[in-house]
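Dear colleague,

I am handing over the structure below for your records. My findings follow it.

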Amino acid sequence: MSAWFSHHSYALALALKRLLRTPFSSLLSIAVMGIALSLPAGGYMLLGNLQTFSGHISGAPQLSLFLALDASRDEAAQIGARLKQHPQVASFQFVPKDSALQQLKQGNGLADVVDSLAQNPLPDAFVINAKSAVPEVLESLRAEMQKWPKAEHVQLDSAWARRLDALLSLGRVAVLMLAALLSLTLVAVTFNTIRLQILTRRDEIEVSKLIGATNGFIRRPFLYFGAIQGMAGGTAAWLIIALGIHLINGTLADLALLYAFDFRLHHLSPEDSMSLLLFSTWLGWLGAWLSVASHLWQIEPK
Amino acid sequence: MINFSNVSKRYPNSYDALKNITFTIETGEMVFITGHSGAGKSTLLKLIAAIERPTSGSIIVNGQNVAVLKGAAISILRRNLGLVFQDQKILFDRSVFDNVLLPLQISGFDPKTATGRVRAALDKVGLLDKEKARPITLSGGEQQRLCIARAVVNRPSILIADEPTGNLDTDYARDIMDMFRLFHQVGVTVLIATHDAELLGGAQQRILALDHGKLAT
């Protein structure tokens, strides 16, 4: 236990010393890793934010049924009765044309326009909450209602949200591909750093082997080095994203004020941040391990 | 205890460095290995530390057949040997102290015990006042003493030195030899390869003489 502890604290101290001995190149490596990681991680963060946003809006599967302008009250009532009996309809609300006009009037600065109208251009409408959120079911429901008498137009309100969802899953695939490619870069960066270190420490490695160092003893400082550099790269990526969010939120606040909605970017959740750090640490360790495995055997004492 | 039985070593595409060598060295003995350059002295010492492997025969060191040791077992064997290399293998990127500290770090000593042991070893070879110096600033004799300090800091039972007086003038060389005799007197088994017969002096020492890879008796 004591020897184990000595070995590991020795390796850790040595790795830190090596990292600090060449501060400039260490910083550059860490910056490269940070930038490489911040692209997929930042993309993931944006996707998460967009998803929450679209989730807020398309939470309930809603349809709007607009009646023809010449539809009478009776005909509207008949449609109401059909909706009441329909198995797929959870609830619905009738919006008569007059109250729709009132709503519009209270809306953003349109009162003058509405007042100038000779007659009400709006149709009676039903706002319908469906029981199912399955897109196919909603679509067939929409098609069915479209055929009802005096139903002028039926609109799936969540259609655009579904399109956004589809785009988001496309984005997720893109982010995953980006992450895979850039992870490879990170492994390559560590691989090369460690390769150079091994070459410049040829003598030390040879002497150590000659006086009884196991391969584990020689490997350990390099693995610690890779892991620490990876972790620093992950931290740099996190900070880059934080800076990006800070800058974007500044502009977004003005935009949100103009469009009267509240939308701010949020950073990765603590779990995701932790995953980012662990993943980058692991990548650094992996790069170091590969490098040590492919170079150390070349240095055999003679 | 070191035992060679019918040991031969042939380097790939080359000559036989050692031919059918058999001998035994008891615990606490001090033995010189002599012979012209190329006689196989270095090869013999490297076989003991498993730096080279024999083509045939068995080599028993401290009860283990070194010829078939693998991986971590080799490392542990080497920790119990004190090795002074012909080409010294000093690390010039660190202080005298850190050079001697390396074997203890490899064995996993805690820093406090290790520091004490390093000072003790440096004291034995008379380099205590140079512990912070860079090895490059040391004289030839001092560098050799640094190598000895590094070899004995682990308190090995067997001390092996390959041409420890190789390029030292006679006074320094005698100094170094006296040092090995001191280790021998406290019970360490000492093996020294040398082509310098003058150093053996009048001392009644056991000598293994190698001639073209064969043991001359």
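Chain B and chain A meet through 16 residues from each, where a contact means that the C-beta atoms of two residues, placed from the backbone, lie within 7 Å. This is a predicted model, in which local features need pLDDT of at least 70, side-chain atom pairs count only at pLDDT 80 or more, and totals for chains, interfaces and linings use all residues. Residues are numbered from 1 along each chain as its sequence is written, while chains are lettered from A and ligands numbered from 1 in the order in which they are written.

On the side of chain B that touches chain A, helices H2 (72–79) and H3 (96–107) of chain B each give two or more residues; helices are DSSP runs of H or I with at least four residues, numbered from the N terminus. H2(B) supplies the largest share, five residues.

Chain B itself is divided into domain 1 (2–80 + 156–216) and domain 2 (95–150), with bounds from an automatic or database domain assignment. Their C-alpha centres lie 24 Å apart. Eight residues of domain 1 of chain B touch seven of domain 2 of chain B, and helix H6 (residues 170–185) of chain B gives the most to the domain 1 side, with four residues.

In chain A, H1(A) passes H9(A) in a right-handed crossing, that is, the near helix is turned clockwise from the far one by less than a right angle. Residues of H1(A) in this contact include A:His7 and A:Leu12, and those of H9(A) include A:Phe217 and A:Tyr224.

Yours sincerely
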